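Me: I have a structure to go through, and I keep tripping over the labels. Can we test each label against its rule?

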Amino acid sequence: ESNSENVNSTAIQIAASGPDTDWANIMEAMFCAINTAAERVYITTPYFMPNDSIMTALTTAARSGIDVRVILPYNSDSWAAQYASDSYIEHCLESGIRIFRYTKGFVHAKTMIMDESMSIVGTANLDYRSFSLNFEVNALIYDEAINKKMSAIFLNDLNDCDEVDLERWQNRGLLRKLKESF
């Protein structure tokens, strides 16, 4: 039986991981997505504690000329998470990654947008707990229209952010640096 109606379809791949899986599926999907990006990688995450693989992928992308931007909360809901996330900022800025602090409230979105046609949305933060310890699920979306909408939301969110300046960041107080190293 043929159906003459137009049907819209979107390619979506589901990646799940947790302590009961043999592979870090979500981390590996993000790693591959970052490594295959040609123009841009836009990330929004409330907790930013990337493992070595993700940090290498992000810094390599930025140093090779890819526009890598990360939106983090201005104030976290956890002081420990705040200082842990902050400990990665200087290395990111030195590599050319642009870091933005969201000031309009606590940002809890967990999104990644690559180039024109791939987006990732789900429960996983960009941190070791989400990659190894927690049960998480993310959708990898391969759709140009959705990607454009998500990019527009990301760029609009930048209006409610303060960009972190490398020189100002390097001059933060010693006490703050000590808390970050802890």
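Me: Why is the contact between aspartate 67 and arginine 69 called a salt bridge?
Reply: This is a predicted model, so the distance is computed from predicted atoms. The rule asks for a side-chain nitrogen of Lys or Arg within 4 Å of a carboxyl oxygen of Asp or Glu. Here the N to O distance is 3.0 Å. That is within the cut-off, so the pair is a salt bridge.

Me: Are aspartate 67 and arginine 69 buried or partly exposed?
Reply: Buried means under 20% relative accessible area, and exposed means over 50%. Arginine 69 has 15%, so it is buried. Aspartate 67 has 22%, so it counts as partly exposed.

Me: How many salt bridges does the structure hold?
Reply: It holds 6 salt bridges. One of them joins arginine 40 and glutamate 116, with the closest N and O atoms 3.2 Å apart.

Me: What makes the pair of arginine 40 and glutamate 116 a tie between separate parts?
Reply: Look at where each residue sits. Arginine 40 lies in strand S2 (residues 40–44). Glutamate 116 lies in the loop between strand S6 (111–114) and strand S7 (118–122). They are 76 residues apart in sequence, so the pair ties those parts together.

Me: How do you know whether arginine 40 and glutamate 116 are buried or partly exposed?
Reply: Arginine 40 has 13% relative accessibility, under the 20% cut-off, so it counts as buried. Glutamate 116 has 32%, between 20% and 50%, so it counts as partly exposed.

Me: Which residue forms a salt bridge with arginine 101?
Reply: Aspartate 86 does, and the closest N and O atoms are 3.1 Å apart. The pair links distant parts of the chain: arginine 101 is in strand S5 (residues 98–102), and aspartate 86 is in helix H3 (residues 79–86). They are 15 residues apart.

Me: Why does aspartate 86 count as buried?
Reply: Its relative accessibility is 1%, and the limit is 20%, so aspartate 86 is buried. Arginine 101 is buried too.

Me: Why is the contact between aspartate 86 and arginine 101 also called a polar contact?
Reply: The distance cut-off for a polar contact is 3.5 Å. Their side chains are joined at 3.1 Å, so the distance fits the rule.

Me: Now a helix. How do you know that the span of helix H6 is close to the expected one?
Reply: Helix H6 (residues 144–157) has 14 residues. From its first C-alpha to its last, H6 reaches 20 Å. The expected value is 20 Å at 1.5 Å a residue, so the span fits.

Me: What makes the buried residues of H6 line one face?
Reply: The buried residues are Asn147, Met150, Ser151 and Phe154. Seen down the axis of H6, they fall within an arc of 105°, so they line one face. On the other side, Lys149 and Ile153 are exposed.

Me: Which strands do the buried residues of H6 pack against?
Reply: They pack against S2, strand S4 (67–73), S6 and S7.

Me: What makes aspartate 143 a cap for H6?
Reply: A side-chain oxygen of aspartate 143 lies 3.1 Å from the backbone nitrogen of alanine 145. That distance is within 3.5 Å, so it meets the polar-contact cut-off. The cap sits at the N-terminal end of H6.

Me: Next, rings. Why is the pair of tyrosine 47 and phenylalanine 106 called tilted?
Reply: The structure holds 3 aromatic pairs. In this one, the ring centres are 6.3 Å apart, within the 6.5 Å limit, so the rings pair. Their planes stand at 50°, neither under 30 nor over 60 degrees, so the pair is tilted.

Me: Why is the pair of phenylalanine 48 and tyrosine 88 called edge-to-face?
Reply: Their centres are 6.2 Å apart and their planes stand at 80°. That angle is over 60 degrees, so the pair is edge-to-face. Phenylalanine 48 has 0% relative accessibility, so it is buried. Tyrosine 88 has 24%, so it counts as partly exposed.

Definitions and conventions. Residues are numbered from 1 along each chain as its sequence is written. This is a predicted model: local features need pLDDT of at least 70, side-chain atom pairs count only at pLDDT 80 or more; totals for chains, interfaces and linings use all residues. Side-chain values use heavy atoms; hydrogens and water are left out. Helices (H or I, at least four residues) and strands (E, at least two) are DSSP runs, numbered from the N terminus. Buried means under 20% relative accessible area, exposed over 50%, partly exposed in between (1.4 Å probe, protein chains only). The arc is that of the directions from the helix axis to the C-beta atoms. Contact means heavy atoms within 4.5 Å. A polar contact is a pair of N or O atoms within 3.5 Å; within protein, one must be able to donate a hydrogen and the other to accept it, and residues adjacent in sequence count only if both atoms are side-chain atoms. Rings of Phe, Tyr and Trp (its six-membered ring) pair if their centres lie within 6.5 Å; planes under 30 degrees apart count as stacked, over 60 as edge-to-face and the rest as tilted.
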